[in-house]
Amino acid sequence: MNADAIVLDVDGVLVDVADSYRRAIVESVEHVYGETIEYDDIQLFKNAGGFNNDWELTYAAALYVLASREKPRLSIETYTGLIKASGGGPAAAETAVADELDPASREQILSEWDRERLRDVFQQLYLGSDLYRELEGGEPDLDTEGFIHDEPVLLEAETRRALEAWPLGVLTGRPAAEAEIALDRVGLSIPERRRFTMDDWEGGKPDPGALVELADRLDADRPAFVGDTLDDIRTVNNAVETDPDRTYRSVGVLTGGLRGETGRRKYRNVGADIVIESINELPGLIE
């Protein structure tokens, strides 16, 4: 693949977040509501689309837990399928609940659905007490070490040195401060101007606006975007339609929630140009 710039996602590409962000989703819902979803269910939300923001995925997972109390036969496969059919994301989750529950039940669970508390618990579990005080500016009510410290680095040093031969950008759903922590951990120094985080644009993937803007800032005609979700691939597809004067390429890695031949097939079905086992294969496939 010929490329003149590389844009990197962070989670599932540079660092493994199975025991950090994904664990925080599951345990936040458990802490607030006493029951939760399975780890593997997280990927159903990711595949449905619109959940680049893990806080919003947590809200949608909690909404399912509450809805299943009112309608025990509502499977999570049905729920996430309805979300996908409605376009993905948190608004589609609310639509799914509205479609499946009678008005009284819907009002009951919406009254119990506390997104502010879910986000606060998530941040305490993920950041730990010390970082929570520093980044959130409040006093935690949980005494936690922080799952952020349990993020193995996926990017090998040799790969990092090889990739630094290209202009590099970052496009991630992390808040800026948390993206900075991850980039420091993997040893990548990327100017803020070449990063887009949750704090920098409201659209979120698969909105192509940030990717197109990064291509401008990188002065790239042939940018490649490396991600770990189907929405990352859809972001590239949307950029191709929005900005046809450039040649965008998408690379899916199998170190996030998508794994094995099933993951490869899902990537191919949404149009990924290349599917690789990990970011460490990339230097040998681009020129």
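**Exercise 1. Is R119 buried, partly exposed or exposed, and what is its relative accessible area?**

Solution. The model is a predicted one.
Step 1. Take the value for R119: a relative accessible area of 25%.
Step 2. Apply the cut-offs: buried is under 20%, exposed is over 50%, and partly exposed lies in between.
Step 3. R119 is therefore partly exposed.
Step 4. Now look at its partner. The R119 side chain meets that of E136 in a salt bridge, at 3.1 Å from N to O.
Step 5. Classify E136. Its relative accessibility is 28%, so E136 counts as partly exposed.

**Exercise 2. Place the salt bridge between E100 and K71 in the chain.**

Solution.
Step 1. Start with the total: the structure holds 25 salt bridges.
Step 2. In one of them the side chains of E100 and K71 meet, with N to O at 2.6 Å.
Step 3. Locate the ends. E100 belongs to helix α5 (residues 90-100), while K71 sits in the loop between α3 (54-70) and α4 (76-85).
Step 4. The two are 29 residues apart, and the pair links distant parts of the chain.
Step 5. Check exposure. E100 has 23% relative accessibility and counts as partly exposed. K71 has 29% and also counts as partly exposed.

**Exercise 3. Explain the spacing of D231 and R234, then find the salt-bridge network.**

Solution.
Step 1. The side chains of D231 and R234 form a salt bridge of 2.8 Å, N to O.
Step 2. Both residues lie in helix α11 (residues 230-242). They are three residues apart, so about one helical turn separates them.
Step 3. D231 has a relative accessible area of 5%, which means that D231 is buried.
Step 4. Turn to the network. D11, E151, R174 and R185 are joined into one network by salt bridges that share partners.

**Exercise 4. Describe the surroundings of S250 and T144.**

Solution.
Step 1. S250 lies in strand β5 (residues 249-253).
Step 2. With a relative accessible area of 1%, S250 is buried.
Step 3. Leave out residues up to four places away in sequence. S250 then touches F225, I233, V236, G271, A272, D273 and I274.
Step 4. Move to T144, in the loop between α7 (115-136) and α8 (157-163). T144 is buried, at 17% relative accessible area.
Step 5. With the sequence neighbours up to four places away left out, T144 touches Q124, L125, G128 and S129.
Step 6. The T144 side chain reaches the backbone oxygen of Q124 at 2.7 Å.
Step 7. Add a distance across the model. T144 and Y64 are 80 residues apart along the chain, and their C-alpha atoms are separated by 26 Å.

**Exercise 5. Characterise the two largest pockets and the largest cavity.**

Solution.
Step 1. The largest pocket has a volume of about 440 Å³. It is lined by 32 residues, and the closest to its centre are V17, R22, K46, D54 and D228.
Step 2. The elements giving two or more residues to this lining are α1 (21-33), α2 (41-48), α3 and α7.
Step 3. By class, the lining of the largest pocket has eight nonpolar, eleven polar and 13 charged residues.
Step 4. The second largest pocket has a volume of about 240 Å³. Among its lining residues are W201, E202, G203, G204 and K205.
Step 5. Its lining divides into three nonpolar, six polar and three charged residues.
Step 6. One cavity of 30 Å³ or more is present. The largest cavity has a volume of about 40 Å³.
Step 7. K46, F51, N52, T229 and D231 line the largest cavity. One is nonpolar, two are polar and two are charged.
Step 8. Link the sites. K46 is one of the residues closest to the centre of the largest pocket, and K46 also lines the largest cavity.

**Exercise 6. Which peptide bond is cis, and which residue other than glycine has a phi near 55°?**

Solution.
Step 1. The bond from K205 to P206 is cis, with omega near 10°.
Step 2. P206 lies in the loop between β3 (195-196) and α10 (209-217). K205 also lines the second largest pocket.
Step 3. D219 has the positive phi, near 55°.
Step 4. D219 is in the loop between α10 and β4 (223-227).
Step 5. Its relative accessible area is 66%, so D219 is exposed.

How values were computed. Residues numbered from 1 in each chain as written. Predicted model: local features only at pLDDT ≥ 70, side-chain atom pairs only at ≥ 80, totals over all residues. Heavy atoms only, no water. Helix = DSSP H or I, 4+ residues; strand = E, 2+ residues; numbered from the N terminus. Buried < 20%, exposed > 50% of the residue type's maximum accessible area, 1.4 Å probe, protein only. Contact = heavy atoms within 4.5 Å. Salt bridge = Lys/Arg side-chain N within 4 Å of Asp/Glu carboxyl O. Polar contact = N/O pair within 3.5 Å; in protein donor to acceptor, adjacent residues only side chain to side chain. 1 Å grid on protein atoms, 1.4 Å probe; cavity = no way out; pocket = protein on both sides within 12 Å on 5 of 7 lines; lining within 4 Å. Points joined across faces, edges and corners; volume = space filled by probe spheres on them. Nonpolar A, V, L, I, M, F, W, Y, C, P; charged D, E, K, R; others polar.
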